[in-house]
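Me: I am new to this structure and would like a close look at a single part of it. Please take one helix and its surroundings, and set them in the context of the whole chain.

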Amino acid sequence: MKPENPETAAPADAATRRDVRPVICYPVDTLPAPDLGPYLAIRADAVKTSEVLVPPRDARCFRVPAGHFFRITSVEGPQVGDLNLWNAADLSERFYSGKTRALHGTHLSTGDRMWSTFPTLRPMATVTRDTLDWYGFDDFGGSVHDVIGTRCDPYTHRLLSGGDYHHCCHSNLTRALAAETGMPLHEAEALVHDVLNVFMCTGFTRDTGQYFMKASPVRPGDHIEFFAEIDLLGGLSACPGGDCSAEHSSDAARCYPLLVEIFAPKEAPKGWSQPLRNGYSRGHGL
(Lines give C-alpha, C1' and ligand atoms only; values in the text may rest on other atoms or scores of the structure.)
Protein backbone atom coordinates (compact mmCIF):
# COMPACT_ATOMS: atom_id res chain seq x y z
CA MET A 1 0.00 0.00 0.00
CA LYS A 2 1.40 3.39 -0.98
CA PRO A 3 2.11 5.76 1.93
CA GLU A 4 -0.30 8.69 2.26
CA ASN A 5 2.54 11.04 3.12
CA PRO A 6 5.68 9.92 1.29
CA GLU A 7 9.01 10.95 2.79
CA THR A 8 10.50 11.71 -0.59
CA ALA A 9 9.53 14.94 -2.34
CA ALA A 10 8.33 14.58 -5.91
CA PRO A 11 11.00 15.58 -8.47
CA ALA A 12 10.41 18.42 -10.88
CA ASP A 13 9.65 16.00 -13.71
CA ALA A 14 7.25 13.83 -11.66
CA ALA A 15 4.33 14.47 -14.00
CA THR A 16 6.41 13.53 -17.03
CA ARG A 17 7.50 10.28 -15.41
CA ARG A 18 3.93 9.38 -14.51
CA ASP A 19 2.69 10.15 -18.01
CA VAL A 20 4.89 7.49 -19.65
CA ARG A 21 2.58 5.14 -21.53
CA PRO A 22 2.46 1.53 -20.29
CA VAL A 23 3.71 -1.41 -22.34
CA ILE A 24 2.04 -4.82 -22.24
CA CYS A 25 4.50 -7.21 -20.58
CA TYR A 26 3.49 -10.30 -22.54
CA PRO A 27 2.04 -9.43 -25.98
CA VAL A 28 -0.02 -12.44 -27.03
CA ASP A 29 -0.16 -11.76 -30.77
CA THR A 30 1.92 -14.89 -31.38
CA LEU A 31 0.03 -17.02 -28.83
CA PRO A 32 -2.24 -19.41 -30.76
CA ALA A 33 -5.84 -18.63 -29.78
CA PRO A 34 -8.16 -21.61 -29.43
CA ASP A 35 -10.73 -22.04 -32.17
CA LEU A 36 -13.86 -22.63 -30.11
CA GLY A 37 -15.88 -23.80 -33.12
CA PRO A 38 -14.71 -27.43 -33.00
CA TYR A 39 -15.15 -27.52 -29.20
CA LEU A 40 -18.72 -26.26 -29.40
CA ALA A 41 -19.53 -28.57 -32.31
CA ILE A 42 -18.90 -31.68 -30.20
CA ARG A 43 -20.40 -30.22 -27.00
CA ALA A 44 -23.96 -30.29 -28.29
CA ASP A 45 -24.35 -34.07 -28.05
CA ALA A 46 -21.91 -34.74 -25.21
CA VAL A 47 -23.26 -37.10 -22.55
CA LYS A 48 -23.09 -36.41 -18.84
CA THR A 49 -21.01 -39.11 -17.16
CA SER A 50 -20.77 -38.00 -13.54
CA GLU A 51 -21.28 -35.18 -11.08
CA VAL A 52 -19.92 -34.03 -7.73
CA LEU A 53 -21.82 -31.78 -5.33
CA VAL A 54 -19.44 -29.64 -3.28
CA PRO A 55 -20.95 -28.89 0.16
CA PRO A 56 -20.85 -25.36 1.60
CA ARG A 57 -17.59 -24.54 3.41
CA ASP A 58 -16.00 -27.72 2.09
CA ALA A 59 -14.24 -29.06 -0.99
CA ARG A 60 -14.34 -32.10 -3.24
CA CYS A 61 -12.08 -33.52 -5.94
CA PHE A 62 -13.16 -34.68 -9.38
CA ARG A 63 -11.47 -36.23 -12.42
CA VAL A 64 -11.85 -35.18 -16.05
CA PRO A 65 -10.33 -37.19 -18.92
CA ALA A 66 -8.64 -35.22 -21.68
CA GLY A 67 -11.15 -34.28 -24.35
CA HIS A 68 -14.08 -34.08 -21.89
CA PHE A 69 -15.91 -31.03 -20.57
CA PHE A 70 -16.57 -30.03 -16.98
CA ARG A 71 -19.06 -27.47 -15.79
CA ILE A 72 -19.25 -25.64 -12.45
CA THR A 73 -22.75 -24.40 -11.60
CA SER A 74 -24.16 -22.26 -8.83
CA VAL A 75 -27.07 -24.08 -7.19
CA GLU A 76 -29.52 -22.97 -4.48
CA GLY A 77 -27.93 -19.53 -3.96
CA PRO A 78 -25.05 -17.18 -4.87
CA GLN A 79 -21.75 -18.88 -4.09
CA VAL A 80 -18.14 -18.50 -5.18
CA GLY A 81 -15.60 -21.31 -5.47
CA ASP A 82 -11.84 -21.80 -5.44
CA LEU A 83 -10.59 -24.10 -8.22
CA ASN A 84 -7.34 -26.07 -8.32
CA LEU A 85 -6.25 -28.21 -11.28
CA TRP A 86 -3.54 -30.87 -11.45
CA ASN A 87 -2.28 -33.18 -14.17
CA ALA A 88 -4.01 -36.39 -13.05
CA ALA A 89 -0.90 -38.45 -13.85
CA ASP A 90 1.65 -36.05 -12.34
CA LEU A 91 0.51 -33.76 -9.53
CA SER A 92 3.69 -31.69 -9.80
CA GLU A 93 2.16 -30.17 -12.93
CA ARG A 94 -0.55 -27.87 -11.69
CA PHE A 95 -2.38 -24.67 -12.50
CA TYR A 96 -0.16 -21.57 -12.68
CA SER A 97 -2.38 -18.61 -11.83
CA GLY A 98 0.39 -16.01 -12.12
CA LYS A 99 1.37 -16.93 -15.67
CA THR A 100 -2.29 -17.32 -16.65
CA ARG A 101 -2.85 -13.79 -15.35
CA ALA A 102 0.16 -12.50 -17.30
CA LEU A 103 -1.18 -14.01 -20.53
CA HIS A 104 -4.93 -13.39 -20.22
CA GLY A 105 -5.36 -10.65 -17.64
CA THR A 106 -6.77 -10.53 -14.12
CA HIS A 107 -10.07 -12.27 -14.87
CA LEU A 108 -10.87 -15.18 -17.19
CA SER A 109 -13.79 -15.82 -19.52
CA THR A 110 -14.68 -17.65 -22.72
CA GLY A 111 -11.65 -18.48 -24.86
CA ASP A 112 -9.11 -18.03 -22.07
CA ARG A 113 -7.01 -20.92 -20.86
CA MET A 114 -5.68 -22.20 -17.54
CA TRP A 115 -1.92 -22.76 -17.97
CA SER A 116 0.29 -25.16 -16.07
CA THR A 117 3.47 -24.62 -14.07
CA PHE A 118 7.05 -24.84 -15.32
CA PRO A 119 8.57 -26.77 -16.97
CA THR A 120 5.45 -27.86 -18.87
CA LEU A 121 3.69 -24.48 -19.33
CA ARG A 122 0.86 -25.73 -21.51
CA PRO A 123 -2.93 -25.34 -21.54
CA MET A 124 -4.66 -27.51 -18.96
CA ALA A 125 -8.22 -26.34 -19.64
CA THR A 126 -9.97 -23.92 -21.98
CA VAL A 127 -13.02 -21.88 -20.95
CA THR A 128 -15.73 -22.71 -23.49
CA ARG A 129 -18.82 -21.19 -21.82
CA ASP A 130 -19.38 -18.46 -19.23
CA THR A 131 -22.87 -17.24 -18.37
CA LEU A 132 -21.38 -14.25 -16.53
CA ASP A 133 -19.45 -12.96 -19.54
CA TRP A 134 -21.96 -10.11 -19.73
CA TYR A 135 -20.58 -8.56 -16.52
CA GLY A 136 -17.33 -7.22 -17.93
CA PHE A 137 -15.69 -4.66 -15.63
CA ASP A 138 -17.85 -2.50 -13.36
CA ASP A 139 -17.27 1.10 -12.26
CA PHE A 140 -15.15 -0.08 -9.33
CA GLY A 141 -12.85 -2.05 -11.61
CA GLY A 142 -14.36 -5.35 -10.47
CA SER A 143 -14.95 -8.41 -12.63
CA VAL A 144 -15.59 -12.14 -12.15
CA HIS A 145 -13.47 -15.34 -12.25
CA ASP A 146 -10.22 -13.80 -11.02
CA VAL A 147 -6.67 -15.11 -11.00
CA ILE A 148 -5.40 -12.43 -8.61
CA GLY A 149 -6.56 -13.79 -5.25
CA THR A 150 -4.61 -16.65 -3.73
CA ARG A 151 -7.38 -18.47 -1.71
CA CYS A 152 -8.49 -17.83 1.86
CA ASP A 153 -6.23 -19.72 4.26
CA PRO A 154 -5.81 -20.39 7.99
CA TYR A 155 -2.34 -18.83 8.14
CA THR A 156 -3.42 -15.37 7.01
CA HIS A 157 -6.55 -15.72 9.16
CA ARG A 158 -4.41 -16.35 12.23
CA LEU A 159 -2.04 -13.52 11.28
CA LEU A 160 -4.88 -10.99 11.06
CA SER A 161 -7.29 -12.28 13.71
CA GLY A 162 -5.23 -14.40 16.09
CA GLY A 163 -7.64 -17.32 15.80
CA ASP A 164 -7.83 -20.61 13.95
CA TYR A 165 -10.40 -21.35 11.26
CA HIS A 166 -10.36 -24.75 9.55
CA HIS A 167 -12.82 -24.23 6.69
CA CYS A 168 -10.79 -21.76 4.65
CA CYS A 169 -10.47 -22.79 1.02
CA HIS A 170 -6.83 -23.77 1.51
CA SER A 171 -7.76 -26.21 4.26
CA ASN A 172 -10.82 -27.44 2.36
CA LEU A 173 -8.70 -28.21 -0.71
CA THR A 174 -6.03 -29.86 1.42
CA ARG A 175 -8.54 -32.22 3.04
CA ALA A 176 -10.16 -32.99 -0.32
CA LEU A 177 -6.86 -33.80 -2.03
CA ALA A 178 -5.74 -35.97 0.89
CA ALA A 179 -9.03 -37.87 0.78
CA GLU A 180 -8.83 -38.35 -2.99
CA THR A 181 -5.22 -39.52 -3.11
CA GLY A 182 -4.71 -41.11 0.31
CA MET A 183 -1.63 -38.97 0.97
CA PRO A 184 -1.01 -37.42 4.41
CA LEU A 185 -2.36 -33.92 5.00
CA HIS A 186 1.09 -32.31 5.00
CA GLU A 187 1.91 -33.81 1.60
CA ALA A 188 -1.43 -32.80 0.15
CA GLU A 189 -1.08 -29.27 1.48
CA ALA A 190 2.19 -28.79 -0.39
CA LEU A 191 0.35 -29.44 -3.67
CA VAL A 192 -2.53 -27.01 -3.07
CA HIS A 193 -1.91 -23.87 -5.08
CA ASP A 194 -3.24 -20.45 -6.07
CA VAL A 195 -6.69 -20.71 -7.58
CA LEU A 196 -9.12 -19.57 -10.18
CA ASN A 197 -11.73 -17.78 -8.06
CA VAL A 198 -14.84 -19.02 -9.84
CA PHE A 199 -17.79 -16.56 -9.76
CA MET A 200 -15.94 -14.24 -7.35
CA CYS A 201 -16.18 -10.51 -8.16
CA THR A 202 -12.90 -8.77 -7.38
CA GLY A 203 -10.49 -6.04 -8.36
CA PHE A 204 -7.99 -3.55 -6.97
CA THR A 205 -8.92 -0.24 -5.36
CA ARG A 206 -7.72 2.70 -7.40
CA ASP A 207 -6.53 4.75 -4.40
CA THR A 208 -4.63 2.14 -2.38
CA GLY A 209 -4.22 -0.74 -4.84
CA GLN A 210 -5.74 -3.19 -2.36
CA TYR A 211 -7.43 -6.41 -3.45
CA PHE A 212 -11.18 -6.11 -2.93
CA MET A 213 -14.20 -8.36 -3.20
CA LYS A 214 -17.87 -7.51 -3.60
CA ALA A 215 -21.14 -9.42 -3.87
CA SER A 216 -20.90 -11.85 -6.75
CA PRO A 217 -23.43 -11.40 -9.57
CA VAL A 218 -23.81 -15.19 -9.78
CA ARG A 219 -27.30 -16.66 -9.45
CA PRO A 220 -28.53 -20.27 -9.40
CA GLY A 221 -28.09 -21.74 -12.86
CA ASP A 222 -25.10 -19.60 -13.78
CA HIS A 223 -22.14 -21.70 -14.81
CA ILE A 224 -18.67 -21.71 -16.28
CA GLU A 225 -17.61 -24.62 -18.49
CA PHE A 226 -14.18 -25.91 -19.48
CA PHE A 227 -12.67 -28.31 -21.99
CA ALA A 228 -9.98 -30.55 -20.47
CA GLU A 229 -6.87 -30.33 -22.63
CA ILE A 230 -5.10 -33.04 -20.58
CA ASP A 231 -6.22 -35.62 -18.01
CA LEU A 232 -7.18 -33.54 -14.99
CA LEU A 233 -7.65 -33.93 -11.29
CA GLY A 234 -9.67 -30.98 -10.06
CA GLY A 235 -10.36 -29.64 -6.59
CA LEU A 236 -13.15 -27.17 -5.86
CA SER A 237 -13.90 -25.42 -2.56
CA ALA A 238 -17.25 -23.75 -1.86
CA CYS A 239 -15.77 -20.69 -0.16
CA PRO A 240 -16.83 -19.90 3.43
CA GLY A 241 -17.46 -16.35 2.21
CA GLY A 242 -20.60 -17.37 0.30
CA ASP A 243 -21.04 -14.65 -2.32
CA CYS A 244 -18.16 -12.69 -0.69
CA SER A 245 -20.33 -9.63 -0.14
CA ALA A 246 -19.03 -9.03 3.39
CA GLU A 247 -16.36 -11.41 4.69
CA HIS A 248 -14.79 -14.80 4.28
CA SER A 249 -13.04 -17.28 6.58
CA SER A 250 -15.94 -17.30 9.02
CA ASP A 251 -19.23 -19.05 9.67
CA ALA A 252 -21.20 -15.80 9.37
CA ALA A 253 -21.76 -15.75 5.60
CA ARG A 254 -24.64 -17.66 4.05
CA CYS A 255 -23.14 -20.40 1.90
CA TYR A 256 -24.46 -22.80 -0.73
CA PRO A 257 -23.19 -25.88 -2.58
CA LEU A 258 -21.58 -25.88 -6.02
CA LEU A 259 -22.20 -28.55 -8.66
CA VAL A 260 -19.48 -30.02 -10.87
CA GLU A 261 -20.63 -32.04 -13.90
CA ILE A 262 -18.50 -34.03 -16.35
CA PHE A 263 -19.55 -34.47 -20.00
CA ALA A 264 -18.11 -36.92 -22.54
CA PRO A 265 -18.36 -35.97 -26.23
CA LYS A 266 -18.76 -38.66 -28.89
CA GLU A 267 -15.58 -37.57 -30.65
CA ALA A 268 -12.62 -35.25 -30.25
CA PRO A 269 -12.77 -31.70 -31.62
CA LYS A 270 -11.73 -31.56 -35.26
CA GLY A 271 -7.99 -30.99 -35.50
CA TRP A 272 -7.46 -31.21 -31.72
CA SER A 273 -4.66 -33.06 -29.96
CA GLN A 274 -3.41 -32.90 -26.40
CA PRO A 275 -0.95 -30.02 -25.96
CA LEU A 276 2.71 -30.98 -25.73
CA ARG A 277 5.00 -29.97 -22.91
CA ASN A 278 6.74 -26.64 -23.41
CA GLY A 279 9.63 -26.96 -25.85
CA TYR A 280 12.25 -25.03 -23.87
CA SER A 281 15.45 -27.10 -23.53
CA ARG A 282 15.87 -26.30 -19.80
CA GLY A 283 19.50 -25.50 -20.48
CA HIS A 284 19.31 -22.15 -18.64
CA GLY A 285 22.38 -20.87 -20.43
CA LEU A 286 24.77 -23.62 -19.36
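Reply: What follows goes from the whole chain to one helix, then to two single residues.

This is a predicted model, in which local features need pLDDT of at least 70 and side-chain atom pairs count only at pLDDT 80 or more, while totals for chains, interfaces and linings use all residues. Residues are numbered from 1 along each chain as its sequence is written, and side-chain values use heavy atoms, with hydrogens and water left out.

The chain has six helices and 13 strands; helices (H or I, at least four residues) and strands (E, at least two) are DSSP runs, numbered from the N terminus. Its radius of gyration is 20 Å, close to the 19 Å that the globule rule gives for 286 residues, so the chain is as compact as a globular protein of that length. That radius is taken over C-alpha atoms, and the globule rule is 2.2 Å times the number of residues to the power 0.38. Of the 286 residues, 50% are buried, where buried means under 20% relative accessible area, with a 1.4 Å probe and protein chains only.

The helix chosen is α3, residues 97-104, whose buried residues are S97, K99, T100 and L103. Viewed down the axis of α3, these buried residues fall within an arc of 165°, so they line one face of the helix; the arc is that of the directions from the helix axis to the C-beta atoms. Part of what covers them is β6 (113-115). After α3 comes G105, with a positive phi near 105°.

Further along is T117, in the loop between β6 and β7 (123-130). T117 has 17% relative accessibility and counts as buried. Leaving aside neighbours within four places in sequence, T117 is in contact (heavy atoms within 4.5 Å) with S92, E93, R94, F95 and Y96.

For another buried threonine, turn to T73 in strand β3 (residues 69-74). T73 counts as buried at 8% relative accessibility. Not counting residues up to four places away in sequence, T73 touches F199, G221, D222, H223, L258, L259 and E261. T73 and I224 are 151 residues apart in sequence, yet 6.8 Å apart in space, C-alpha to C-alpha. For the chain as a whole, residues 24 or more positions apart account for 76% of the contacts with a separation of 6 or more.
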